[in-house]
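Thank you all for coming. Before I begin, please take a moment to look over the sequence and the structure, and then I will go through the pocket, the core and the strands in that order.

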Amino acid sequence: MSAPENLPVLTTLSAVARLLERHRGLYVRWSKGPGVDLEKTSSIDELTGVPMPGLSANPLDVEAWWEDRPVELWVARRLFDYAHLPHDKGPGVRPWVLTGRETGRGPDNEPLVTDADPVCWIADEVIDAARDEMARQVREWGTLRRGG
């Protein structure tokens, strides 16, 4: 496992797409990073305060039904859906990629991952590019936190 402070930083959607094309079983987690997360190895359900048996993360693997569509668009969609988290969770929250073992599902049906091994950080400019890519799509869409 790499030391969290020495992780590479991916700075483009295409760099993240290339990573997904080479590796399966990757997840993205939005937090203050592996230096903090790997000490506790567990997430807390914000609504109830119940500890969960792993870190809340989202899978990055491209699904078979995506067929031959651009992997960059897949990446943009996966990252865009949670781009609100740095705003909601406060300073220092950013996306990082990890591998690990799924041990359950959280209340939003997200995988809970144990044995986390950090792979890389995802730079802010990738999130900006994901927002731009989603803005170019034909249908109107928003992040998962859409208000009510």
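Which element gives the largest share of the lining of the largest pocket? It is E2, which supplies four residues to that lining, and I should say at once that what we are looking at is a predicted model. Besides E2, helix H2, residues 34-40, and helix H4, residues 85-89, each give two or more residues to the lining. The pocket holds about 840 Å³ of space and is lined by 29 residues, with Ile44, Glu46, Ser56, Leu85 and Lys89 lying nearest its centre. As for the character of that lining, twelve of its residues are nonpolar, six are polar and eleven are charged.

Let me turn now to the interior. In soluble globular proteins, nonpolar side chains tend to be buried together. Here the largest nonpolar core has 31 residues, and the members that touch the most others are Leu20, Trp30, Val75, Leu79, Val97, Ile122 and Val126. At least two residues of this core come from each of helix H1 (13-22), strand E2 (26-31), helix H3 (71-80), strand E6 (111-122) and helix H5 (124-135), and H3 gives the most, with seven. If we take Ile122 as an example and set aside its neighbours within four places in sequence, its contacts are Leu10, Val28, Leu79, Pro95, Trp96, Val97 and Ile127. Apart from this core lies another, of nine residues, including Ala57, Leu98, Val113 and Ala116.

Two of the helices deserve a closer look. Eight of the ten residues of H3 are buried, so this helix is largely enclosed by the rest of the structure; among those buried are Trp74, Arg78 and Phe80. The buried residues of H3 pack against H1, E2, strand E4 (58-59), E6 and H5. In H1, the buried residues are Leu13, Ala15, Val16, Ala17, Leu19 and Leu20, and what covers them includes strand E1 (9-10), E2, H3, strand E5 (94-105), E6 and H5.

Finally, the strands. E2 pairs with E5 in the antiparallel sense over six bridges, and within that pairing Trp30 has Pro95 of E5 as its bridge partner. E5 in turn pairs with E6, again in the antiparallel sense, over eight bridges, where Trp96 is partnered by Trp121 of E6. E5 and E6 form a hairpin with five residues between them, and in the turn Asn109 has a positive phi of about 65°.

Technical notes
Residues numbered from 1 in each chain as written. Predicted model: local features only at pLDDT ≥ 70, side-chain atom pairs only at ≥ 80, totals over all residues. Heavy atoms only, no water. Core = buried A, V, L, I, M, F, W, Y, C linked by side-chain atoms within 4.5 Å. Buried < 20%, exposed > 50% of the residue type's maximum accessible area, 1.4 Å probe, protein only. Contact = heavy atoms within 4.5 Å. 1 Å grid on protein atoms, 1.4 Å probe; cavity = no way out; pocket = protein on both sides within 12 Å on 5 of 7 lines; lining within 4 Å. Points joined across faces, edges and corners; volume = space filled by probe spheres on them. Nonpolar A, V, L, I, M, F, W, Y, C, P; charged D, E, K, R; others polar. Pairing = 2+ DSSP bridges.
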